[in-house]
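Work through the exercises below with the coordinates open, and try each task before reading its solution.

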Amino acid sequence: MELTPAFHGLVCPACTAESESVFDQQCPSCGAPLESTYAYDERSAADLFEQTEAASHGHWRFDALLPFDRSTAISAAEGETPLCKTDRLVEELDVGEVYIKDEGRNPTGTVYDRGMSLVATALSGHDNPSDLEPLALASTGNSGQSAAAYVGRLGLRSYAFVPSRSAFSNKAMINVHGGQMRVVGGRYGDAADAVDEQLAADYYSLQEFATPYRHEGAKTLAFELYSNLGEVPDVVFVPTSTGEIVTGVGRGFEELTKIGCTESTPTIVAVQPTSCAPIATALEGGRDSPEPWAHPDTIIGELEVADPAGGSQAVETLRRLDGSAVTVDDSDSLDAATTIAHNEIIEMGPAGGAAAAGAWSWAENDAFDGDETVVILNTDGGVKTPDILRSHLMGQGR
Ligand SMILES: [Zn+2]
């Protein structure tokens, strides 16, 4: 692993302590999540969009503003996912342009591959990474699958703790990638509790905001949208659970202003299920950090995170960037995912369907001006949860 020239190490945003090691898990002084810092000079701006063979590098083509050099990346060309133009949605939403950013086409079919690629690359620079074993995280499913894949590439032992309700495809592929799996009865919060209980807190955490690199990896989404469109979009709908993706995407767009590519940032809209919406509720209620959601109950398992690790970071990001939030019913999210699969070819997961339902909700409430460029983020492939999508159709007699 090789550090990039612009990377200036990990710094604590709470107490400004600088970390000595790129392997640190949270601030050594106060325990707050660490952030990567960079020298935002003109060289970074020029380097960020230099032409590379994107097909082989994936999102590592943007390593000018990543901590690690692309030549040393642990990568399966994640990122550089298609930005699909959808003319039918333009008519339905009555806006200028609508695109679906299809993160289902990442190596393990999820947006989380971006961050896990950075995590694995960091670990590859450790003198004796097996000293860190076991590595572990709790996951609603996709991030566990992704972690198993990237940490498996390093030959390290990892555990993914998943709630019993997570998708069969996630459980199967965690094992196929060589990871160990612990299925925990109950919901995501129970899986999170079980990590410390079963491993006696003696493990290297792959959890979002324990490692500084997962949300850092998500920021390349912003760079790709800018690169593909030639400008920043106007509105980006982001399915929201842990707060990791909202925080990372927001950070990416802010960095584009810091290096002089653009003066404005898009309106980022966090979309959560009505029955598990701690971040949306905190934003609307003027709170700095979300209250844990007492009774989460959504069929969209990937979005059923009652006590998000990055809740305060997500709320802070949305507030700083003048973002917004919207909540959507499960049936509307599944309607959106299945309608888009029917009409637009793209296989959206239920979480991506929630993002699309959020856009429909905006249209119904006349929240668009009419000329916006809108991006809907599909965070995972529909092939991971075909049972949920199909049973929704059957429930409607279709
Ligand atoms: Zn600190």
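**Strand pairing and a metal site**

In β10, the residue Val269 is the bridge partner of Phe237. The model is a predicted one.

**Exercise 1.** Determine how β9 and β10 are joined, and then place both strands in their sheet.

*Solution.* Begin with the pair itself: β9, covering residues 235–239, and β10, covering residues 267–273, run parallel and are joined by five bridges. Next, widen the view to the open sheet, in which six strands follow the order β3-β4-β12-β9-β10-β11 with mixed pairing. At the edges stand β3 (83–85) and β11 (324–328), and each has a single partner strand, so one side of each lacks a neighbour in the sheet. Finally, consider the twist: neighbouring strands of this sheet are turned against each other by 25° on average, with direction ignored.

**Exercise 2.** Identify the protein donors of the zinc ion and classify the arrangement of the four donor atoms.

*Solution.* First, list the donors, which are the SG atoms of Cys12, Cys15, Cys27 and Cys30, lying 2.3 Å from the zinc ion. Along the chain, these donors follow the spacing C-x2-C-x11-C-x2-C. Of the donors, Cys12 and Cys30 are 18 residues apart, and both belong to the loop between β1 (7–11) and β2 (35–38). Then examine the angles: the four donor atoms subtend 103 to 118° around the zinc ion, and because four donors count as tetrahedral if all angles lie between 85 and 135 degrees, the arrangement is tetrahedral.

**Exercise 3.** Is Cys12 buried or exposed?

*Solution.* The relative accessible area of Cys12 is 1%, and since buried means under 20%, Cys12 is buried. Cys30, by contrast, has 41% relative accessibility and counts as partly exposed.

Definitions and conventions:
Residues are numbered from 1 along each chain as its sequence is written. This is a predicted model: local features need pLDDT of at least 70, side-chain atom pairs count only at pLDDT 80 or more; totals for chains, interfaces and linings use all residues. Side-chain values use heavy atoms; hydrogens and water are left out. Two strands pair if DSSP finds at least two bridges between them. Helices (H or I, at least four residues) and strands (E, at least two) are DSSP runs, numbered from the N terminus. Axes are lines fitted to C-alpha atoms, for helices over the stretch in contact, and angles run from 0 to 180 degrees between N-to-C directions. Donors are N, O and S atoms within 2.8 Å of the metal (3.2 Å for Na, K and Ca); water is not among the atoms, so sites may look incomplete. Four donors count as tetrahedral if all angles lie between 85 and 135 degrees; four count as square planar and six as octahedral if opposite donors are over 155 degrees apart and all others between 65 and 115; anything else is irregular. Buried means under 20% relative accessible area, exposed over 50%, partly exposed in between (1.4 Å probe, protein chains only).
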